[in-house]
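Here's a quick walk through one model, from a strand and its partners out to the domains, the ligand and a few odd backbone spots. Have the viewer open as you read.

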Amino acid sequence: ALPKVYVTRRIPPDGLDILRKSGQVQFELWDSDDPVPRVELLNKVKGCDGILCVLTEKIDAQLLDVAGPNLKVLSTMSVGYDHLSLEELKKSLLIWACIFCRGIRVGYTPEVLTDAVAELTVALLLATSRRLIEATHEAKTGGWGTWRTMWLCGHELANSTVGILGLGRIGVAIAERLKPFKVKKFIYTDVEPRTELANMINAEYVSLDELAKQSDFLAICCALTPETHGICNWNLFSKMKKNAIFINTSRGGVVNQEDLYEALSTGLIAGAGLDVTTPEPLPTHHPLYTLKNCVILPHIASASYTTRNAMSALAANNLLAGLRGEAMPKELKL
Ligand code: GLV
Ligand code: GLV
């Protein structure tokens with residue numbers, strides 16, 4: 001029989017076509033734009049050889065136990081993998097006095113989304129620094145009484161220092177796009193220097209402290225891990241410049257949102273643009289929505305037609321290659 005696969009969401013057409021036309025798998029799809037309920041998910045993964053998921057699904061010990069020993073491949077349609085318990089995916093279990101290694105291979109979708117995410121990050125940065133959302137609101141609601149000399153003034157990129165927390169492909173792509181805006185200097189921090197990437201954008205390696213102190217714009221581009229969880233907190237914000245603009249297109253978990261709210265509402269920093277929050281969706285009554293200097297987007301950084309299709313195609317190809325026992329186009333090293 002063909003390998004059995006569960007696809008946890010209605011994915012873009014390119015990926016679905018690849019699965020359909022492969023003739024290699026027998027797959028079932030949660031054919032909805034909304035997440036599959038957990039109970040349904042646990043029921044559907046039973047006995048599966050492969051799972052294709054998106055970032056709303058927690059892939060943890062419970063799910064892997066329920067799926068059972070047939071499960072060989074997990075393919076996520078995302079570059080982030082904080083929703084996957086990597087420890088559990090590679091774990092060895094003792095069952096009936098036998099050592100059984102789960103040995104599940106994991107595919108993800110880096111690179112294909114770099115351009116879209118960098119583009120959105122620049123858009124969000126400019127929307128925040130030049131107060132675009134506030135400005136359109138003023139125009140529409142009668143606030144535009146006349147042309148005023150200091151009205152809706154913001155901060156410009158020209159001659160600024162841009163800091164990047166977590167320098168990877170996306171951070172480099174953001175810097176490449178910001179350079180023509182006449183940025184004076186790029187600085188970054190990471191667990192260790194990323195010399196090769198840094199050289200591409202002439203970025204200087206600094207400590208987290210220096211990053212906070214020097215940045216006029218701070219872009220968060222790191223993965224969410226136990227080390228980066230809550231790393232953007234009061235300690236960081238309190239060292240930042242009053243004119244600083246904070247931009248996060250990575251994961252909400254890297255930010256302590258209470259601290260960010262305090263920093264924004266007391267004028268400790270000038271503004272924040274967030275594409276990611278905790279939780280997602282951020283409830284409509286959340287205090288951050290009341291702040292004029294906070295621009296919140298509903299996790300759309302990779303949301304271009306081209307990129308979402310490319311992500312679904314890569315996720316499908318990762319899955320099929322994994323099931324054939326071949327090298328995946330983009331496999332996560334566990
Ligand atoms: C989006 O957030 C992704 O991880 O692909
Ligand atoms: C602005 O519109 C100017 O003319 O300075």
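How many bridges join β1 to strand β3, and do the two run parallel or antiparallel? There are three bridges between β1 and β3 (residues 50–53), and the strands run parallel. One pairing to look up is V7, which sits opposite L52 in β3. Keep in mind throughout that this is a predicted model.

**Around β1**

β1 also pairs with β2 (residues 26–29), this time through four bridges, and again the run is parallel. Here V5 has F27 as its bridge partner in β2. Getting from β1 to β2 involves helix α1 (residues 13–22), and the three elements together form a right-handed β-α-β unit.

What about the faces of β1, covered or open? Both are covered. In a regular strand, side chains alternate between the two faces of the sheet. In β1 (residues 4–7), K4 and Y6 point to one side, V5 and V7 to the other, and all four are buried. Note that V5, with its partner F27 in β2, and V7, opposite L52 in β3, share a side of the strand.

**Two domains**

The domain assignment splits the protein into domain 1, made of 4–111 + 306–323, and domain 2, covering 114–296. Their centres, taken over C-alpha atoms, are 33 Å apart. Five residues of domain 1 and seven residues of domain 2 make up the contact. On the domain 1 side, that patch divides into one nonpolar, two polar and two charged residues.

**The ligand shell**

Which residues surround ligand 1? They are L55, S78, V79, G80, L113 and S302. Sorted by class, the shell has three nonpolar and three polar residues, and no charged ones. If you're setting up a calculation around ligand 1, that's the list to start from.

**Backbone oddities**

Most residues other than glycine have a negative phi, and most peptide bonds are trans. Here are four places that go the other way.

| Site | Backbone feature | Place |
|---|---|---|
| T278 to P279 | cis, omega about -10° | P279: loop between β13 (271–274) and β14 (294–296) |
| E280 to P281 | cis, omega near -10° | P281: loop between β13 and β14 |
| R131 | positive phi, about 55° | loop between α5 (114–129) and α6 (132–140) |
| K182 | positive phi, near 70° | loop between α7 (169–178) and β9 (185–189) |

Both cis prolines, P279 and P281, turn up in the loop between β13 and β14.

The positive-phi residues R131 and K182 are worth a second look for their surroundings. Is R131 buried or exposed? It counts as buried, because 22 C-beta neighbours lie inside 10 Å, and the cut-off for that is 20 or more. K182 has 11 such neighbours inside 10 Å, so it counts as exposed, the limit there being 12 or fewer.

**One last loop residue**

T225 lies in the loop between β11 (217–220) and α10 (234–237). With 16 C-beta neighbours inside 10 Å, T225 counts as partly exposed, since that class falls between the two limits. How far is T225 from I104, going by C-alpha atoms? The separation is 20 Å, for two residues that are 121 residues apart along the chain.

Note on methods: Residues numbered from 1 in each chain as written. Chains lettered and ligands numbered in written order. Predicted model: local features only at pLDDT ≥ 70, side-chain atom pairs only at ≥ 80, totals over all residues. Near = placed C-beta within 6 Å. Nonpolar A, V, L, I, M, F, W, Y, C, P; charged D, E, K, R; others polar. Domains from an automatic or database assignment. Contact = placed C-beta atoms within 7 Å. Pairing = 2+ DSSP bridges. Right-handed = clockwise from strand over helix to strand, strands pointing away.
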